[in-house]
Amino acid sequence: MFAKLFILYGFVAVSLTLPVLPFSEPVPILQQNQEINPDGSFKWNYQSEDGSSQNQQGQLKQVGTEEAGEVVQGSASWIDPEGGAHQISYVADENGYKPSSADLPVAPEIPQAIVRALEWIADHPALEEQTK
């Protein structure tokens with residue numbers, strides 16, 4: 001599972017670093033740091049001339065009696081072609097990938113009639129379930 005999450009983080013990192021315009025000029029990197037430690041922890045960041053930046057850090061965490069998994073957190077920010085600023089932060093651990101951003105869609109609130117119907121269904125199991 002953690003290998004899948006690590007691969008997902010790699011795809012996210014690569015996709016966020018792709019140029020906005022396919023044939024634009026290369027953007028100079030103003031600052032870049034990276035550190036990989038023998039204990040499995042790491043951190044890296046960069047800032048580019050176009051205002052985009054990204055950082056990520058991770059460390060091993062004991063998630064079970066014998067299993068260790070990577071806990072990764074980071075953020076990315078960029079300016080879109082229209083000049084709007086965007087930012088996303090994320091944490092990925094044994095509970096999955098959890099992004100946070102004002103740009104992410106938010107599900108609408110569930111109407112009360114549906115909430116009541118779901119409660120009624122939970123309180124009144126189907127006839128098939130009652131005969132078992």
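What percentage of the 132 residues of the protein chain count as buried? In this predicted model, the share of residues that count as buried is 21%. The accessible surface of the protein chain amounts to about 10100 Å², and carbon and sulfur atoms supply 59% of that area. Among contacts between residues at least 6 apart in sequence, those that join residues at least 24 apart make up 25%.

The secondary structure comprises three helices and six strands, and along the sequence these elements follow the pattern α-β-β-β-β-β-β-α-α. A good place to enter the strand region is strand S4, which covers residues 68-79 and pairs with S3 in the antiparallel sense over ten bridges. Within this part of the fold, Gln-57 stands opposite Gln-73, a residue of S4. S4 is also joined to strand S5, residues 85-93, by eight bridges, and these two strands likewise run antiparallel. One of the residues to follow here is Ser-77, whose bridge partner in S5 is Gln-87. Between S4 and S5 lie five residues, the two strands forming a hairpin, and in the turn Gly-83 has a positive phi of about 95 degrees.

From the strands the path leads to a loop residue, Ser-52, which is placed between strand S2 (42-48) and strand S3 (53-62). Is Ser-52 buried or exposed? Ser-52 counts as buried because its relative accessibility is 11%, and the cut-off for that class is under 20%. The side chain of Ser-52 takes part in a polar contact of 2.5 Å with the side chain of Ser-48, and another polar contact, of 2.8 Å, joins the side chains of Ser-52 and Asp-50. When the neighbours within four places in sequence are left aside, Ser-52 is in contact with Tyr-46, Gln-47, Ser-77 and Trp-78. Ser-77 thus appears in two settings, as the bridge partner of Gln-87 and as a contact of Ser-52.

The last stop is on the surface, where Ile-110, Ile-114, Leu-118, Trp-120 and Ile-121 make a nonpolar patch of about 540 Å². One of these residues, Ile-114, is found in helix H2, which spans residues 112-123. Why does Ile-114 count as partly exposed? The reason is that its relative accessibility is 44%, a value to be read against a class that lies between the 20% limit for buried and the 50% limit for exposed residues.

Definitions and conventions: Residues are numbered from 1 along each chain as its sequence is written. This is a predicted model: local features need pLDDT of at least 70, side-chain atom pairs count only at pLDDT 80 or more; totals for chains, interfaces and linings use all residues. Side-chain values use heavy atoms; hydrogens and water are left out. Patches are made of residues with over 30% relative accessible area and no salt bridge: like charges are joined within 9 Å, nonpolar side chains (Val, Leu, Ile, Met, Phe, Trp, Tyr) within 5 Å. Accessible areas come from the Shrake-Rupley method with a 1.4 Å probe; for residues, only the protein chains shown count as cover. A salt bridge is a side-chain nitrogen of Lys or Arg within 4 Å of a carboxyl oxygen of Asp or Glu. Helices (H or I, at least four residues) and strands (E, at least two) are DSSP runs, numbered from the N terminus. Buried means under 20% relative accessible area, exposed over 50%, partly exposed in between (1.4 Å probe, protein chains only). A polar contact is a pair of N or O atoms within 3.5 Å; within protein, one must be able to donate a hydrogen and the other to accept it, and residues adjacent in sequence count only if both atoms are side-chain atoms. Contact means heavy atoms within 4.5 Å. Two strands pair if DSSP finds at least two bridges between them.
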